[in-house]
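Please look through the structure shown here before turning to the briefing. The points that follow are grouped by topic, so that each may be checked against the picture.

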Amino acid sequence: MEHITTPKVENVKLLDRYTNRKAANGTLYLTATHLIYVDASAEVRKETWILHHHIATVEKLPLTTAGYPLLIHCKNFHMAHFVIGQERDCHEVYTSLLKLSQPVKPEELYAFSYNPKMSKENREIGWKLIDLKVDYQRMGIPNDYWEITDVNKDYEVCNTYPPEIVVPRAANKAVVIGSSRFRSRGRIPVLSYLYKENNLNAMANRAAGKGYENEDNYDNIRFKFIGIENIHVMRNSLQKLLEVCEMKSPSMSDFLTGLENSGWLRHIKAVMDAGVFLAKALKDEKASVLVHCSDGWDRTAQVCSLASLLLDPFYRTCKGFMVLIEKEWIAMGHKFSHRCGHLDGDPKEVSPVFTQFIECVWQLMQQFPCTFEFNERFLLEIHDHVYSCQFGNFLGTCHKEREDLKIFEKTHSLWPFLLQKKQELRNPLYRGFTAYKELQPNTLPFSFQFWCGMYNRFDKGMHPKQCVLDHLLSCMSQKMKLEDNASELENKLPFLDGPLPSEACSLPKIGCAASKTPMLNTPQDYEGEPPPLLSNGASAGDIDVMSDVDQKHKENLSHHQDLRDLNDTIDVLNSQAKDGKLRHH
Amino acid sequence: MEFSELIKTATVENVLLSCAGLPAVKGTLCITSHHLLLSSCPGGDGQAGTVELWLLIRNVDAVEKRLANSSGTITLRCKDLKVLQLEIPGMEECLNIASSIEVRFWVGSEPGPSHARVQRLAGESGRLQWLEAPPILWGSPSSGCPPSLAPQAMLRSSQPLTGPNRKRCREDETLLGTVLDEGERGFIIDTRSAQAAKQARMTGGGTEPKSSYPQWRRLHRPLERGRPLQESFIKLVDACNDTAINMDRWLNRLESCRWLSHVKAALSTACLAAQCMDREEANVLVHGAEGTDTTLLVTALAQVILDPSCRTLVGFQGLLEREWIEAGHPFHLRCARSAYSHARLKQEAPLFLLFLDCVWQLSRQFPFSLEFSECLLLTLFDNAYASAYGTFLCNNEKERCLCKVKENTHSLWAWLNQPGERKKYLNPLYLPNALVIWPSVEPQSIQLWQGLFFRWIRSSQYLDEAWAEIQRKVGSGLVQQINKKHQNWVCVCHLENNDWLLRFQPVQGQT
């Protein structure tokens, strides 16, 4: 609160990426958690919500005739270009946002104040929803070869591993501790995934390296080096990709050259290749595999989790995917706090390692549209919350730190909230758990596509104008409702002897997806220099497209918004937002 | 000379056929006047006597042979972009087969209906007739037009013969003048750059000078055609077939072949034409040089964008018949060779493919708005380059008339519109949409058409399964299912106040 000096600025313009459209004019509000922009120039009230934690950079640009521009880039690739009338207002919003977007103390993170009015009991049950022990049981562990040990209960072996780890039964405590002295940060080889198809005990393992093993000292071991670049290369690559995505009316060549020069898809392919290699080694060569990079919490996490997805259909379900993220990323100490820049810290520690994993999953969805229980929105939702700090799951850098922060006592887990929304996050084409076993993706370069839905997600104009996903989801739910109501009516049939107008069940229109996503579509600027008579400004259609974007955006951000947390001074907004909340729940 | 006389070896046994992504099959190879057949050996991999390959020889774009010891391998690169390998025991047989295909394929490149004789029409041939182009009166504001359709006219032509002396033609000026009312403005979209249009004057062509056509405003939107377009196609297919390519090289070649740039340019220009009509409510004249290539690309695409009746299965066929075939796109010259041919390029250019690609882009951006599916676009591509039907034969109506194409061949449309066939080409997600469909032409919105360029390179199993799943999900039939269970009651579903109402009423005669 103390960071907000100017909670409300009027006459703020929001520029559109498309130059030929009129800028919106409205009011900008700063609340404890969000920046909210209300467009007053539109006929229908439109709001743009930006979570402070989502803000990656805030820039003041040179003065223009319209005023003082403020450019905001978000970690979920939203970009907002405001123009504020007064320099003083612009500066105050700027300094407030700088502080609000980069808290210094973990206690300032949203998760610690987020209150969805859930009972203490339910909150605790929420944290128990994903239990890694159940997953190990599913793999048949403990067994003759593997055991779950609490050797790390006081974090003596490794302070970035969880208290319970899976190690070979034959390795006693002395062996484990001895090995930990030889591995960077004590990150000894522990089990990631046991592939049950093999007779013996194959394992995809993880460990920290820093250097590599001398082959002479390890019997029966083959080395394979897979060139995934380090976090700094990845950070720069994403930066270049985003510059390409933000180009104003680029030519096809500009775009493709930029895409190539960013190297982004090359890195995505490298991660996928490594995952495919690992899965093949386990499945086809029936080998046990030890995976490591330097510390074993970035590239190792990517590769192990991808291989698990390729091998085991369970991880392709909603619940299984949550288990996978908990197991391979959260429990094993991927440093979300540093990689996502949750707190004011070293910018060189920030890197899109998790984003790359999410993208690899999306690439797999493109090749195997019926094999995942969840849809693209599920991935985007998780990606949003990795940065939103609204839930405790991704705070801190490892299990120990999360214990110290008391996140299990003070915050909520994301997973139950996602499962609640399963209806809209599921894949209507999913053919079930047993339809596909191992996946063997094509990894030729042409199999990788640019993910417009992620990196240009808020440029709705670029997306298909009609949404197949919405349509299929609504078809499915309509069909279900009609079936239910039909059987209800059928049960009454024998007792009735005439038409039943009063019993008619009223249902939303089938195919309402068509009306929900109407053809709100207007021609864009189809030429470099439009002759003035062709650029006829915004039309009703433009406005609707905008409101759709904002509405969706607002839903994404404010879905679990506790309205009582909002700045109380903004009564107007609160009442509006409450309406929004009623609509959403 | 009849082709059969040129066949030196008509059948060879134990030929191994392989094609990327499919298991190899061994069988008997047989050459007929028009086809290459391979039926698998009894007791072999396939079922006894199963026909594994039925390839129109006209579909062959390039033949390569490699001899080793006592056998040889023939690689057939087809116009539909598939690549087949035949391992033939016996050197002589191999050479004979190869030369028969080569001869056939040269003879076959002469125009004329005798080479397009229909081989098998499943006994339905009697019912097949040439489709009359559906009566779509483009540009005339009849009562049947949907409300969104502007009563503006789109015209197409070739370039005016202005020449170096800046000739004028009163009649031409009058003709264009009659299209516009007093004070009304029209747009001329020239598919060449301003400079190219000016240069055309040196060879007798040119463009409409402002002074002579004062009511018309000229816009230049250069679109590639001819050799550069064919080379773009060849380079793209080359890159797609390179399986040893790395990511950077792939993106580099995708960019430098410029195919997607051509797609973007074609869509943008068509949108501009549509915008002039729909937004500016102006009449539009489109032309390039001859008015048979990029002109048709623009006018046909603009109609798909503007007019919902062109987005139905029948309407789209009508559009092709009217805007491509009757409008005189020289299919015979443009589609003589596809991307694999090493022959010296003459008049080949994949303008029709570019059009199909643009329609595919529309279908991706508006998945509910086209009644037909990708399958139709692929079939059209295949038939434009090699067909058992007469529809795409010759270069214009006059040639088709001289060759008696309609008398001697069958129509592709008649084949496609048979009830059993038709189903294959329908889009299960289709919901008629009366509005204009404005696509995004941002590079992020334009994708490489994988279904065409990778059709024979990657497995489509998982994508086909997804398609089948979509068909299952949108298929209704709920009411029918319910009604099967009841004898005295009938369940009806009807729309009231935008809600579907389900109710049971007694079977007629009961009340």
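This briefing covers confidence, overall make-up, a cavity, selected residues and some features of the backbone.

The model is a predicted one. For the complex, the predictor gives an ipTM of 0.85 and a pTM of 0.85. The mean pLDDT is 81 for chain A and 82 for chain B.

**Confidence in chain A**

- In chain A, 79% of the residues reach a pLDDT of 70 or more.
- Helix 11 of chain A, residues 353–367, has the highest confidence in that chain, with a mean of 97.
- The lowest confidence in chain A belongs to helix 21, residues 571–584, where the mean is 36.
- Residues 497–520 of chain A have a pLDDT below 50, and this stretch has 54 contacts in the model beyond near neighbours in sequence.
- Residues 529–585 of chain A also stay under a pLDDT of 50. The model has 110 contacts for residues 529–585 of chain A beyond four places in sequence.

**Confidence in chain B**

- In chain B, 84% of the residues reach a pLDDT of 70 or more.
- Among the elements of chain B, helix 10 (residues 351–365) has the highest mean pLDDT, at 97, and helix 18 (residues 478–484) has the lowest, at 69.
- Over residues 107–150 of chain B the pLDDT stays under 50, and the model has 86 contacts for this stretch beyond four places in sequence.

**Make-up of chain A**

- Chain A has 585 residues, of which 57% count as buried.
- Its secondary structure comprises 21 helices and 13 strands.
- Among contacts in chain A with a separation of 6 or more, 69% join residues that are 24 or more positions apart.

**The second largest cavity**

- The structure contains six cavities of 30 Å³ or more, and the second largest has a volume of about 80 Å³.
- Helix 7 (264–283) and helix 8 (299–311) of chain A each supply at least two residues of the lining of the second largest cavity.
- Helix 7 of chain A gives the most to this lining, with four residues.
- The lining residues include Val276(A), Ala279(A), Lys280(A) and Lys283(A), together with Leu310(A) and Leu311(A).
- Also among the lining residues are Asp284(A), Glu438(A), Leu439(A), Gln440(A) and Pro441(A).
- Sorted by class, the lining has six nonpolar residues, one polar residue and four charged residues.

**An annotated residue, Cys293(A)**

- An unreviewed UniProt entry lists Cys293(A) under "active site".
- Cys293(A) lies in strand 12 of chain A, which covers residues 289–293.
- Cys293(A) counts as buried because its relative accessibility is 13%, and the cut-off for buried is under 20%.

**Ser388(A) and its surroundings**

- Ser388(A) is placed in helix 12 of chain A, residues 376–388.
- With a relative accessible area of 1%, Ser388(A) is buried.
- Ser388(A) and His52(A) are 336 residues apart along the chain, yet their C-alpha atoms are separated by 8.2 Å.
- Leaving aside residues up to four places away in sequence, Ser388(A) touches Leu51(A), His53(A), His54(A) and Tyr110(A).

**Glu231(B)**

- Glu231(B) is found in helix 4 of chain B, residues 226–240.
- The relative accessible area of Glu231(B) is 33%, so this residue is partly exposed.
- Glu231(B) is 180 residues from Ser411(B) in sequence, and the two are 31 Å apart in space, C-alpha to C-alpha.

**Features of the backbone**

- The peptide bond from Ile141(A) to Pro142(A) is cis, with omega near 5°. Pro142(A) is in the loop between helix 3 (132–138) and strand 8 (146–149) of chain A.
- Arg258(B) is not a glycine, but it has a positive phi of about 70°. Arg258(B) belongs to the loop between helix 5 (247–257) and helix 6 (259–278) of chain B, and its relative accessibility of 40% makes it partly exposed.
- Glu281(B), which is not a glycine either, has a positive phi of about 50°. Glu281(B) is in the loop between helix 6 and strand 11 (283–287) of chain B.
- Glu281(B) counts as exposed because its relative accessibility is 52%, and the cut-off for exposed is over 50%.

Definitions and conventions
Residues are numbered from 1 along each chain as its sequence is written. Chains are lettered from A and ligands numbered from 1 in the order in which they are written. This is a predicted model: local features need pLDDT of at least 70, side-chain atom pairs count only at pLDDT 80 or more; totals for chains, interfaces and linings use all residues. Side-chain values use heavy atoms; hydrogens and water are left out. pLDDT is the predictor's confidence in each residue, from 0 to 100. Contact means heavy atoms within 4.5 Å. On a 1 Å grid over the protein atoms alone, a cavity is a set of points where a 1.4 Å probe fits but cannot get out, and a pocket is an open set with protein on both sides within 12 Å along at least five of seven lines; lining residues have an atom within 4 Å of a point. Grid points are joined across faces, edges and corners, and a volume is the space filled by probe spheres set on the points. Ala, Val, Leu, Ile, Met, Phe, Trp, Tyr, Cys and Pro count as nonpolar, Asp, Glu, Lys and Arg as charged, and the others, Gly among them, as polar. UniProt positions are given in the numbering used here, feature names are shortened, and annotations may be inferred rather than shown by experiment. Buried means under 20% relative accessible area, exposed over 50%, partly exposed in between (1.4 Å probe, protein chains only).
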